[in-house]
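User: I am new to this structure. Please take a close look at a single part, the place where the domains meet, and walk me through what is there.

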Amino acid sequence: MKIAFYSTKSYDREYFEEYLPKTAHKITYFKNGLELNTVSLAAGFDAVCVFVNDKITKALIKKLHEIGIKAIALRCAGFNNVDLEAAKEFGIRVFRVPAYSPEAVAEHTIALIQTLNRKTHKAYNRVRENNFSIEGLTGMNLHRKKVGVIGTGAIGKALCRILLGFGCEVIAHDPFENPEIRAMGIRYVDLQELLKESDIISLHCPLTPESKHLINQKTIGLMKKGVKLINTSRGALIDTKAVIKGLKNGQIGFLGIDVYEQEEKLFFKDLSEMVIHDDVIMRLMTFPNVLITGHQAFLTTEALQEISKITLDNLSDFELGKEVKNEVEFQNV
Ligand SMILES: NC(=O)c1ccc[n+]([C@@H]2O[C@H](COP(=O)([O-])OP(=O)(O)OC[C@H]3O[C@@H](n4cnc5c(N)ncnc54)[C@H](O)[C@@H]3O)[C@@H](O)[C@H]2O)c1
C-alpha cells in the first residue's frame, strides 16, 4: 500500500524503516500533522498513518474519502481523536495498535511517581550546583502505601504487577473486572471507595464521553488530603483547572502527568523560542510538586519496534482482505 505518514518524528522514521522491508508497503513521510490544509498531500495514496494529536474530524474524513484514502492507520492505542461514526459513513477503515508495550507506559508511571516522591529532579539540579543539602527532599516509602489503579487493561495490569513488587497495597476500579487482577490479590472497589482510600491514584482508562473529567472538583473533594495523582492516559480525564485548585489548597500532594487536555497545541514541538499562550499549563508548571512530561510514556525501543510492526501488519492484513484484528469500529465504542 502507498502510505502517507503524517506527524513524522525521527524516531518514527527510524523504526518504520527498520520493519518496512518485511512488507510490501511504500511510505512517504510528512512532518505535517493531518489537517484540512495538509490532507491534499495524501492524494494518490491508499492509507494515512497518524498519531495521537492528529484530530481526524468528519470534515477531514470526507476529504480523505474524496481523494481515495481507504484506511486510517493509527500508530497508537487510543482512538478518541477519530470520528469513528464519520469513518463508517464514508467507508474508511480505522486500525490501531492496542497494546504495543504496556510495560513502557507502566514503567514511565513509576518514573513520575518516584521522581515526584523522592524529588530526584531537584536533587539532580542541586548537585550540579554543588549544593549537597538534602533539606526539603524527604519522600515516603512506597512500601505499604495504598495505590488506586483506575482502568485495569493492559497498562493498568502491568502497573499493578510493578506496584505489588514495591510492596504496595493495590486497589482497582474498572467496569470490566479482570480475573487476572483478582488472582494477583488485588481488590476491585467502586470509584468512590478508590478515591477515598488511595494514597496514590493512577489513571489507565481510555478517554470516552463517560470518562471525560473523571477527575473534577467533586471527585477531588472525595480524595484523601495530600493524595498523589498520576495521569499517563489521556489529558481530558482530568479537569485541569480543578486540579490546580486542589494543588493550591493542598488537597493534591503532587501531580505527575504525561498527557494534557490541550496538548495538541504544544506537545511534540520545540516551542523553546515561543511565547506559550496556554495559561493553564503555564500555571501548572509553576508548582514545585508538579511534573509534566510531553506524552513520552510510550517512548521505548521495544514499544517503537512493536508500533511499527503492528501498524504495518494491520495494513498488510487489510490489503490482503484478511480480518484485521486491530480494527476500531463505530459500533464497538
Ligand atoms: N502516555 C502514553 O504514551 C500512552 C501510551 C499508550 C496508551 N495510553 C493511554 O492509556 C490508556 C489505557 O491503555 P491500555 O492499553 O491499558 O488500554 P486497554 O483497552 O487495555 O484498557 C483500558 C481499561 O480501562 C477500562 N475502562 C474503560 N472505561 C473506564 C472507566 N470509566 N473507569 C475505569 N476503567 C475504565 C476498560 O474496561 C479497560 O479494562 C489508553 O486508552 C491510552 O489513552 C497512553
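Analyst:
**Where the domains meet**

Start with the records. An unreviewed UniProt entry places the feature "domain: D-isomer specific 2-hydroxyacid dehydrogenase NAD-binding" at residues 111-297. Keep in mind that the model is predicted. Over residues 111-297, helix makes up 34% of the chain and strand 16%. The end C-alpha atoms of that stretch lie 9 Å apart.

UniProt also carries a second annotation, again from an unreviewed entry. The feature "domain: D-isomer specific 2-hydroxyacid dehydrogenase catalytic" covers residues 4-328. Here the chain is 36% helix and 14% strand. Its end C-alpha atoms are 20 Å apart.

Now the division used for the contact. Domain 1 takes residues 2-100 + 301-319, and domain 2 takes residues 102-292. Domain 1 is thus written as two stretches of the chain, while domain 2 is written as one. To the contact, domain 1 brings 11 residues and domain 2 brings nine residues. Taken over C-alpha atoms, the centres of domain 1 and domain 2 are 30 Å apart.

How much area is involved? The size of an interface is often given as the accessible area lost when the parts come together. Between domain 1 and domain 2, about 840 Å² is buried. Carbon and sulfur atoms give 56% of that area. On the domain 1 side, Lys-9, Asn-53 and Asn-80 lose the most area to domain 2. Together they account for 49% of what that side buries.

Next, the pairings. Side chains of opposite charge can pair when their charged atoms come close. One salt bridge is found across the interface of domain 1 and domain 2. Lys-55 and Glu-264 form a salt bridge through their side chains, at 3.0 Å from N to O. Lys-55 falls in the 2-100 stretch of domain 1, and Glu-264 falls within 102-292 of domain 2. Polar contacts between the domains come to four residue pairs, with both residues at pLDDT 80 or more. The side of domain 1 that touches domain 2 has six nonpolar, three polar and two charged residues.

For context, look beyond the interface. The whole structure holds 15 salt bridges. One of them joins the side chains of Asp-12 and Arg-75, at 3.5 Å from N to O. This pair links distant parts of the chain, 63 residues apart. Asp-12 sits in helix α1 (residues 10-19). Arg-75 sits in the loop between β4 (71-74) and α3 (84-89).

Notes:
Residues are numbered from 1 along each chain as its sequence is written. This is a predicted model: local features need pLDDT of at least 70, side-chain atom pairs count only at pLDDT 80 or more; totals for chains, interfaces and linings use all residues. Side-chain values use heavy atoms; hydrogens and water are left out. Domain bounds come from an automatic or database domain assignment. Contact means heavy atoms within 4.5 Å. Buried area is the accessible area (1.4 Å probe) that two parts lose on being put together, summed over both. A salt bridge is a side-chain nitrogen of Lys or Arg within 4 Å of a carboxyl oxygen of Asp or Glu. A polar contact is a pair of N or O atoms within 3.5 Å; within protein, one must be able to donate a hydrogen and the other to accept it, and residues adjacent in sequence count only if both atoms are side-chain atoms. Ala, Val, Leu, Ile, Met, Phe, Trp, Tyr, Cys and Pro count as nonpolar, Asp, Glu, Lys and Arg as charged, and the others, Gly among them, as polar. UniProt positions are given in the numbering used here, feature names are shortened, and annotations may be inferred rather than shown by experiment. Helices (H or I, at least four residues) and strands (E, at least two) are DSSP runs, numbered from the N terminus.
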